[in-house]
Amino acid sequence: MTARLDTVPELDPALVRRWQADGGELVDLLAMARERLGGLALFRLGPRPTLLVTAPEAVQHVLALRPDRYVKRSHRARLLIGDGLLAATGEAWQRQRKLLQAQFTGRGMRRYEQRIDGAARTAAARWAAYARTGEVFDVGEEMRRFALDTIWRSLTGHPLDPLTERELDAVPAVVAALPSLPSDGAAARGVVADELARIDAVASRAIAAVRDGDAVPPDGPGLLHVLVEAAGTHPAYSDRLIRDELVTLLVAGHETTATTLTWLHLLLDRAPGARERALAAGAEGSPERRQAVQALVHETLRLYPPAWMLPRSAAEDDVLAGHRVEAGTDVLVCPYLTHRDPGLWEDPERFDPGRFTTPGRRPGNPGSYLPFGIGPRACLGLQFALRESTVLLDHLLSAPVPRFRSAPTEATYGITVRPDGPALATLG
């Protein structure tokens, strides 16, 4: 006898129309659907239904257990990253991931230790100068400079120079513009044509420098050298694909880390005791201190996951948590809402790093905590991001504390969840 399958509960269309009439944010619609209907909720914004998935078991099913049935269609940032790893699918994705995966695990990660530390020391020196002069600075901009310097050193073997830094201001400009660009590809490209041209010029110069091989970089060959060398054995690695992978790594390697570190400083300002507890956990460089600092990062990632929404499409009919899912259904996995589910996390809106240091205080299902996704398409840069964040905080936590002159209180939900304004501070 076949078990009866339920249909996924659907949000009242009148509520959706009211949300549209009010000009609401997508996150508000998703939160309403989750609150009213639970961890699986259907709603309609167009001809196809959209299925919101926030229940941990269902999240794990979609992303980790059945990724062949729930596939990526097209990344929202394809205009910027082209056919880079985040947007690639099928055999191309498998080939590109295999090449890069070894660079972010084990021995591969060790080659970046010196580069991360160099970028952190440079950032700490700027921080010390702000403390001496009392200059007002933007904490978010400082975190972006650090993260960009780190990934640039890792890609090229060179510290970030002022000209490249200015030109790569185009990257966050395009990322911020993506949600509001026209749906037509040509029209969208026209809006950000100048910024894309600046990014392409930086990429072309960097690739040419590797190919010319005039001098060994001070930190040795970087990730870009790996990509250029791959062209010798993999014809698919054209100059265009190398450019796309370079820009993908730039975007993924600094935009998310910079945003996370900015949120972390804002959260520490609201909960200063968390800083003191991390510093008191152990001596500088000790495993206890490292665990406590990593807990600060993990709790920030829980509240503000870099990939706050993970879109998929049902490639075939499926059964999800006892419910029918028809082929062609748009699926939205939303880590942001899963991480704030009061059924999973005690007092979920509170910044409490102890969740990640005290056994039994966080849910056990992998689908409960996924700031970088889970399954085969989980972000390769998890360990890299944790390492660079921890190293920087080792330098800054015991330094003078930022005193915010104006601090954003709301979030902007685009490709990432960003603070809605500058975070101006002095050190003292």
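**Exercise 1. How many of the five residues of strand β2 (residues 49-53) are buried?**

Before we start, keep in mind that this is a predicted model.

*Step 1.* Take the count: five of the five residues in β2 are buried, so to speak of this strand as mostly covered is fair.

*Step 2.* Now look at the two faces. In a regular strand, side chains alternate between the two faces of the sheet. In β2, one side carries Pro-49, Leu-51 and Val-53, and the other carries Thr-50 and Leu-52.

*Step 3.* Put it together: residues on both sides are buried, which leaves both faces of β2 covered.

**Exercise 2. Work out which strands pair with β2, and in which sense.**

*Step 1.* Start with β1 (residues 40-44). Five bridges join β1 to β2, and the two run antiparallel. To find a spot on screen, go to Phe-43, which stands opposite Thr-50.

*Step 2.* Check what links the two strands. β1 and β2 make a hairpin, with four residues between them.

*Step 3.* Turn to strand β8 (residues 330-333). Here there are four bridges, and β2 and β8 pair in the parallel sense. You can locate Leu-51 opposite Val-331 and Leu-52 opposite Leu-332.

**Exercise 3. Put the strands of the sheet in order and find its edges.**

*Step 1.* Write down the order: β1-β2-β8-β5-β3, five strands in an open sheet with mixed pairing.

*Step 2.* Look at the ends of that list. β1 and β3 (70-71) each have a single partner strand, so one side of each has no neighbour in the sheet.

*Step 3.* See what packs on the sheet. Helix α2 (residues 26-37) touches β1, β2 and β8, and its direction makes about 130° with that of β1.

**Exercise 4. How do helices α10 (residues 170-177) and α14 (residues 239-270) pack?**

*Step 1.* Get the geometry: the angle is about 80°, and the axes are 11 Å apart.

*Step 2.* Name the arrangement. Angles of 65 to 115 degrees count as roughly perpendicular, and α10 and α14 are therefore roughly perpendicular to each other.

*Step 3.* List who makes the contact. From α10 come Val-171, Pro-172 and Val-175; from α14 come Val-251, His-254 and Glu-255. Sorted by type, the residues of this contact are four nonpolar, one polar and one charged.

*Step 4.* Stay with α14 and find Thr-260, which belongs to this helix. Buried means under 20% relative accessible area, and Thr-260, at 5%, is buried. Leaving aside residues up to four places away in sequence, Thr-260 touches Thr-300, Leu-301 and Pro-306.

**Exercise 5. Classify the aromatic pair of Phe-356 and Tyr-369.**

*Step 1.* Set the scene: the structure holds 12 aromatic pairs.

*Step 2.* Use the numbers. The ring centres of Phe-356 and Tyr-369 are 5.0 Å apart and the planes are at 55°, so this pair is tilted.

*Step 3.* Ask where the two residues sit. Both Phe-356 and Tyr-369 lie in the loop between α17 (335-338) and α18 (382-396), so the pair ties together parts that are 13 residues apart in sequence.

*Step 4.* Check the burial: Phe-356 and Tyr-369 are both buried.

*Step 5.* For a bonus, look for an aromatic cluster: Phe-104, Tyr-112 and Phe-384 form one.

Conventions: Residues are numbered from 1 along each chain as its sequence is written. This is a predicted model: local features need pLDDT of at least 70, side-chain atom pairs count only at pLDDT 80 or more; totals for chains, interfaces and linings use all residues. Side-chain values use heavy atoms; hydrogens and water are left out. Axes are lines fitted to C-alpha atoms, for helices over the stretch in contact, and angles run from 0 to 180 degrees between N-to-C directions. Angles under 35 degrees count as roughly parallel, over 145 as roughly antiparallel, 65 to 115 as roughly perpendicular and the rest as oblique. Contact means heavy atoms within 4.5 Å. Ala, Val, Leu, Ile, Met, Phe, Trp, Tyr, Cys and Pro count as nonpolar, Asp, Glu, Lys and Arg as charged, and the others, Gly among them, as polar. Buried means under 20% relative accessible area, exposed over 50%, partly exposed in between (1.4 Å probe, protein chains only). Two strands pair if DSSP finds at least two bridges between them. Rings of Phe, Tyr and Trp (its six-membered ring) pair if their centres lie within 6.5 Å; planes under 30 degrees apart count as stacked, over 60 as edge-to-face and the rest as tilted.
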